[in-house]
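These are my notebook entries on a structure that I had not examined before. I began with the chain as a whole and then turned to single residues and aromatic rings.

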Amino acid sequence: MWCVLLACCMIPFAAVAQHSEQSLLQPSWSDCNLKGKVKQVTELQRYSSGNDMNRETVYTFNSKGMMQSQVVRGFGGERVTNYPLKSRDLNFRYTTDWGGDLVEVRHFNMRGQLVSSVHYIYAADARLLQTVAYGYGSDTAIVTTRTVSKYNKKERLTKVEQYSADELLLMKEQYKYDKHGNLTRRTQTFYSEEGTKTTTVERRSYVYDKQKNWTSCTYYNNGRHYYTLERTLVYY
């Protein structure tokens, strides 16, 4: 989806779609749905079972609200990402319009083969309306999937539909947010060729600080608790 496809806005559940070159290379407070002058966010992900899956992520921002670094510590060691990202180091290529908004993003595998492309559609006021993503097989001339993502007036993702090469509906998602713009519910339905369907409901509940940034997020899948994210925020 948008955040995943762009490999940006690492802080989970951001409300607003990222569709500018700036957001792509260096996310900001706004991109990550942070209020106030946030200097650092330390996020600890604790699973209800399996401590080896626990992970700590630290995000650092400069005084102008631009992300400077992301440090992930957990099983497998430590990984550091510094911002802004350099175009030459990315495994995707992108094009923008005259205003800096993304028009297309193409993703490549380690062998340099095209694996997916995302195309952006805007309203007359430059607000993002939807994206259309295509997945490709080993022959990049053959489309294997088409995914349509739709956004509301606040550019929050509200609906996703994925189709096969034969235009059969494979998957549908619907999203809901709280008044602070954080994702509270995702309903995902998969469809089989035999006409059966399977539905999964993800739910997230939050605790907020005085700045209206969340400090705790509890994640449930079909009513079962899987993990909790605890955040410590440091302000300028």
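Entry 1, contacts. I took two residues to be in contact when they have heavy atoms within 4.5 Å. I then looked up the contacts in the protein chain with a separation of 6 or more, and 32% of them are accounted for by residues 24 or more positions apart. I note here that the model is a predicted one.

Entry 2, the whole chain. I found 2 helices and 15 strands in the protein chain. The C-alpha trace spans about 50 × 45 × 40 Å along its principal axes. I compared the radius of gyration with the value for a compact globule: for 236 residues that value would be near 18 Å, and the chain has 18 Å, so the two agree.

Entry 3, surface and charge. I recorded that 44% of the 236 residues count as buried. The protein chain exposes about 12,900 Å², of which carbon and sulfur atoms supply 50%. I also looked up the charged side chains: 32 are positive and 23 are negative, and the centres of the two sets lie 7 Å apart.

Entry 4, Glu21. I located Glu21 in helix α2, which covers residues 21-25. Is Glu21 buried or exposed? Its relative accessible area is 31%, so Glu21 is partly exposed. Leaving aside neighbours within four places in sequence, I listed Tyr94, Thr96, Gly100 and Leu102 as its contacts. Leu102 is 81 residues from Glu21 along the chain, yet their C-alpha atoms are separated by 6.3 Å.

Entry 5, Thr200. I located Thr200 in strand β13, residues 197-208. Thr200 counts as buried because its relative accessibility is 16%, and the cut-off for buried is under 20%. Apart from neighbours within four places in sequence, Thr200 is in contact with Arg186, Thr187, Gln188, Asn221 and Asn222.

Entry 6, aromatic rings. How many aromatic pairs are there? I counted 5 aromatic pairs. In one of them, the ring centres of Tyr206 and Trp214 are 5.8 Å apart and the planes are at 55 degrees, so I entered the pair as tilted. Both Tyr206 and Trp214 are buried. Tyr219 and Tyr226 form an edge-to-face pair, with 6.2 Å from centre to centre and 70 degrees between the planes. Within that pair, Tyr219 is buried at a relative accessible area of 8%, whereas Tyr226 is partly exposed at 31%. I closed the entry with one aromatic cluster, formed by Tyr47, Tyr219, Tyr226 and Tyr227.

How values were computed
Residues numbered from 1 in each chain as written. Predicted model: local features only at pLDDT ≥ 70, side-chain atom pairs only at ≥ 80, totals over all residues. Heavy atoms only, no water. Rg over C-alpha atoms; globule rule 2.2 N^0.38 Å. Buried < 20%, exposed > 50% of the residue type's maximum accessible area, 1.4 Å probe, protein only. Areas by Shrake-Rupley, 256 points an atom, 1.4 Å probe, with all protein chains shown as cover. Lys, Arg positive; Asp, Glu negative; His and termini not counted. Charge placed at Lys NZ, Arg CZ, Asp CG, Glu CD. Phe/Tyr/Trp six-rings, centres within 6.5 Å; stacked < 30°, edge-to-face > 60°.
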